[in-house]
Amino acid sequence: FKYDGSGDVGARGVPEDLKPVEGVGDCFGIGKGPGVQCVINVLWPETCGPMGQEVMGGVSNLSPAMMQYGLDLDAVGVKFLQVDKKGIADFAGVGILKGDTATFKMICVNTPSGCQRIVRITARPDSSIIEMYTEIQVFNDVKVTYMFSLRRAADIQAGAATGVLPARGVADRPQTGKEKPAPRGSRGGR
């Protein structure tokens, strides 16, 4: 997958605060049931406070990082695990799946109390893009937001060969009817 999008450190919604996000991810099926593991390298420009101090979310902790998703049939939901570049793991337990969106809530690791991270992943079956929205809250006050769009590398390579690339931020691209799903357990599956 190719990642692009933006991050808003401070979550003020001011255009000059938006930082471009870019990266790649390599995903493959795992386990006997439906599961996926992704190794990712996602970066954005470093953001510091006015005196050069570190700010929450100002430095990417996702280069490299690992994410795992898997169905939990006993709890009827999706489990999520992320390990950042320092080897620190975030575990969300069971996420809530509603329609095409899975929502995961987890307590922030190695941060002050009251911090939680909420991740929403939308994967529409008729779309070539997966949307990932993350917000970090401290006592329910949003401090950082990230919006990632993930595109399959095969779609990007096919578009480059034909001269037709998917537009940035467009979630629904018309299908040709010639697409074939990746076989179960194959590399590059969603």
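Which residues have the most contacts inside the largest nonpolar core? In this predicted model, they are Tyr3, Ile40, Val42, Tyr69, Phe104, Met132 and Phe148. The views below start with the whole chain and move to single residues.

**View 1. The protein chain combines ten strands with one helix.** The order from the N terminus is β-β-β-β-β-β-β-β-β-β-α. The helix thus follows the strands in that order. The chain has 190 residues, and 38% of them are buried. Its accessible surface is about 11,100 Å². Carbon and sulfur atoms account for 58% of that surface. Take the contacts between residues at least 6 apart in sequence: 38% of them join residues at least 24 apart.

**View 2. Ten strands form a closed barrel.** The strand order is E1-E2-E3-E4-E5-E6-E7-E8-E9-E10, and the pairing is antiparallel. On average, neighbouring strands of the sheet are turned by 25° against each other, direction ignored. Strands of a sheet pair through backbone hydrogen bonds.

**View 3. Strands E1 and E10 pair in the antiparallel sense.** Strand E1 covers residues 2-9. Eight bridges join E1 to E10. Asp4 stands opposite Ser149, a residue of E10.

**View 4. The largest nonpolar core holds 31 residues.** Eight entries make up the list of strands that give two or more residues to this core:

- E2 (18-29) and E3 (35-43)
- E4 (62-72) and E5 (77-83)
- E7 (101-107) and E8 (115-123)
- E9 (129-138) and E10 (141-151)

**View 5. Tyr69 is one of the residues with the most contacts inside the core.** Residues up to four places away in sequence are not counted here. Tyr69 then touches Gly35 and Val36. Val78, Lys79 and Phe80 are also among its contacts. Phe104, Ile121 and Met132 complete the set. Phe104 and Met132 also appear among the residues with the most contacts inside the core.

**View 6. Ring pairs link Tyr3, Trp44, Tyr146 and Phe148 into a cluster.** The structure holds six aromatic pairs. In one of them, the ring centres of Trp44 and Tyr146 are 4.6 Å apart. Their planes meet at 35°, so the pair is tilted. Trp44 lies in the loop between E3 and E4, whereas Tyr146 lies in strand E10. The pair therefore ties together parts that are 102 residues apart in sequence. Both Trp44 and Tyr146 are buried. Two other members of the cluster, Tyr3 and Phe148, are among the residues with the most contacts inside the largest nonpolar core.

**View 7. A cis peptide bond joins Ser63 to Pro64.** Its omega is near -5°. Pro64 is placed in strand E4. Strand E4 runs over residues 62-72 and gives two or more residues to the largest nonpolar core.

**View 8. Ala11 has a positive phi although it is not a glycine.** The phi value is about 50°. Ala11 is found in the loop between E1 and E2. Is Ala11 buried or partly exposed? Its relative accessibility is 24%, so Ala11 counts as partly exposed.

**View 9. Phe139 has a positive phi of about 50° and is not a glycine either.** Phe139 sits in the loop between E9 and E10. Is Phe139 buried or exposed? Its relative accessibility is 61%, so Phe139 counts as exposed.

Note on methods
Residues are numbered from 1 along each chain as its sequence is written. This is a predicted model: local features need pLDDT of at least 70, side-chain atom pairs count only at pLDDT 80 or more; totals for chains, interfaces and linings use all residues. Side-chain values use heavy atoms; hydrogens and water are left out. A nonpolar core is a set of buried Ala, Val, Leu, Ile, Met, Phe, Trp, Tyr and Cys residues joined through side-chain atoms within 4.5 Å. Buried means under 20% relative accessible area, exposed over 50%, partly exposed in between (1.4 Å probe, protein chains only). Helices (H or I, at least four residues) and strands (E, at least two) are DSSP runs, numbered from the N terminus. Contact means heavy atoms within 4.5 Å. Two strands pair if DSSP finds at least two bridges between them. Axes are lines fitted to C-alpha atoms, for helices over the stretch in contact, and angles run from 0 to 180 degrees between N-to-C directions. Accessible areas come from the Shrake-Rupley method with a 1.4 Å probe; for residues, only the protein chains shown count as cover. Rings of Phe, Tyr and Trp (its six-membered ring) pair if their centres lie within 6.5 Å; planes under 30 degrees apart count as stacked, over 60 as edge-to-face and the rest as tilted.
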